[in-house]
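Biologist: I am new to this structure and would like to go through it step by step, with each term explained as it comes up.

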Amino acid sequence: MVNGVFCIRLDSSDLTKGEIYVKNESQRAYEVVFKMKNGRAVCALDKSKFEANELAIITQCCFSAFKNIQLKREVEITGKCPNCSKPLSSDKITIAEKDLEIQEKDKTINDLTKKVRDLEREVSNERRSFSTFIQSQRYEGFY
Ligand SMILES: [Zn+2]
C-alpha cells in the first residue's frame, strides 16, 4: 500500500513549537514531526526555514514535514519518502494540495455566508426598531 500525505497551512506559532506536536486542523488532530534548526521548523529535505502561511506537506508514513517543491522533486525521482523510505507517489502530493485548496475555499465560503447572515439579522433588527419607532410616533399623533 502506498501511503499518502496531507497538507497543513502553517501559522506563526507552528514555526517554533518544536520537533513533535499535535496540529489541530479541520476538526482533526495530527501528530507532526518537524526538523528543527536554531529553534525554527525547517524542511526535512533541504533544511530551509518554513515561513508563516506556508504549506507543509506531512507524510502519513512517518509524519515528517517537508516543503512541497522539495518533496515533490525528490519523490518524482525516488518514489519513496525521503525520511523512512516507504513508497510514496508525487500524485498523492498533488491530491493533498488540491484537497487543502478546497478546504480553504470552503472555509472562505462559510465565513462569507456567516457574514451575510449577520448583516441580514442586523438589517431586520434595524427595520423592526424603525417600524416600532414609526408606530410610536403615530400613536403620539405626529403622523
Ligand atoms: Zn516516511
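Biologist: Among contacts between residues at least 6 apart in sequence, what percentage join residues at least 24 apart?

Modeller: This is a predicted model, in which local features need pLDDT (the predictor's confidence in each residue, from 0 to 100) of at least 70 and side-chain atom pairs count only at pLDDT 80 or more, while totals for chains, interfaces and linings use all residues. Residues are numbered from 1 along each chain as its sequence is written. Two residues are in contact if their C-beta atoms, placed from the backbone, lie within 7 Å. Among such contacts between residues at least 6 apart in sequence, the portion that joins residues at least 24 apart is 53%.

Biologist: Which element has the lowest mean pLDDT?

Modeller: The protein averages a pLDDT of 90, and 95% of the residues score at least 70. Where pLDDT is low, the predicted coordinates should not be read in detail. Among the elements, β7 has the highest mean, 96, whereas the lowest, 76, belongs to strand β2 (residues 20–25).

Biologist: In what pattern do the helices and strands follow one another along the sequence?

Modeller: Helices (H or I, at least four residues) and strands (E, at least two) are DSSP runs, numbered from the N terminus. The protein has 2 helices and 7 strands. Read along the sequence, they give the pattern β-β-β-β-β-β-β-α-α.

Biologist: What is the radius of gyration of the protein?

Modeller: The radius of gyration is taken over C-alpha atoms, and the globule rule is 2.2 Å times the number of residues to the power 0.38. Along its principal axes the C-alpha trace spans about 85 × 35 × 20 Å. A compact globule of 143 residues would have a radius near 15 Å, but the protein has 25 Å.

Biologist: How far apart are the end C-alpha atoms of α2?

Modeller: The expected span of a helix is 1.5 Å times one less than its number of residues. For the 50 residues of α2 this gives 74 Å, which agrees with the distance between its end C-alpha atoms, 74 Å.

Biologist: How many residues of α2 are buried?

Modeller: A residue is buried if 20 or more other C-beta atoms, placed from the backbone, lie within 10 Å of its own, exposed if 12 or fewer, and partly exposed in between. Of the 143 residues of the protein, 17% count as buried. Helix α2 is hardly covered, for among its 50 residues the buried count is 2.

Biologist: In what order do the strands of the open sheet stand?

Modeller: Two strands pair if DSSP finds at least two bridges between them. Strand β1 (residues 5–9) and β6 (residues 55–59) pair in the antiparallel sense over 5 bridges, and β6 and β7 likewise pair in the antiparallel sense over 2 bridges. The 3 strands therefore form an open sheet in the order β1-β6-β7, and β1 and β7 stand at the edges, each with a single partner strand, so one side of each is left without a neighbour in the sheet. The order asked for is β1-β6-β7.

Biologist: Which residue of β7 is the bridge partner of Ile-58?

Modeller: Ile-58 of β6 is also the bridge partner of Phe-6, while Ile-8 stands opposite Ala-56 in β6. In β7, the partner of Ile-58 is Ala-65.

Biologist: Which element gives the most residues to the largest nonpolar core?

Modeller: A nonpolar core is a set of buried Ala, Val, Leu, Ile, Met, Phe, Trp, Tyr and Cys residues joined through C-beta atoms within 7 Å. Of the 21 residues in the largest one, Ala-56, Ile-57, Ile-58 and Ala-65 touch the most other members. At least two residues each come from β1, β6, β7 (65–66), α1 (68–78) and α2 (90–139), and the element that gives the most, with 4 residues, is β1.

Biologist: With which residues is Leu-71 in contact, leaving aside its neighbours within four places in sequence?

Modeller: Leu-71 is found in helix α1, and it counts as buried because it has 27 C-beta neighbours inside 10 Å. Beyond those sequence neighbours, its contacts are Leu-45, Ile-57, Phe-66 and Ile-93.

Biologist: In which loop does Asn-38 lie?

Modeller: Most residues other than glycine have a negative phi. Asn-38 has a positive phi of about 50° although it is not a glycine, and it is exposed, with 6 other C-beta atoms within 10 Å. Its place is the loop between β4 (35–37) and β5 (40–42).
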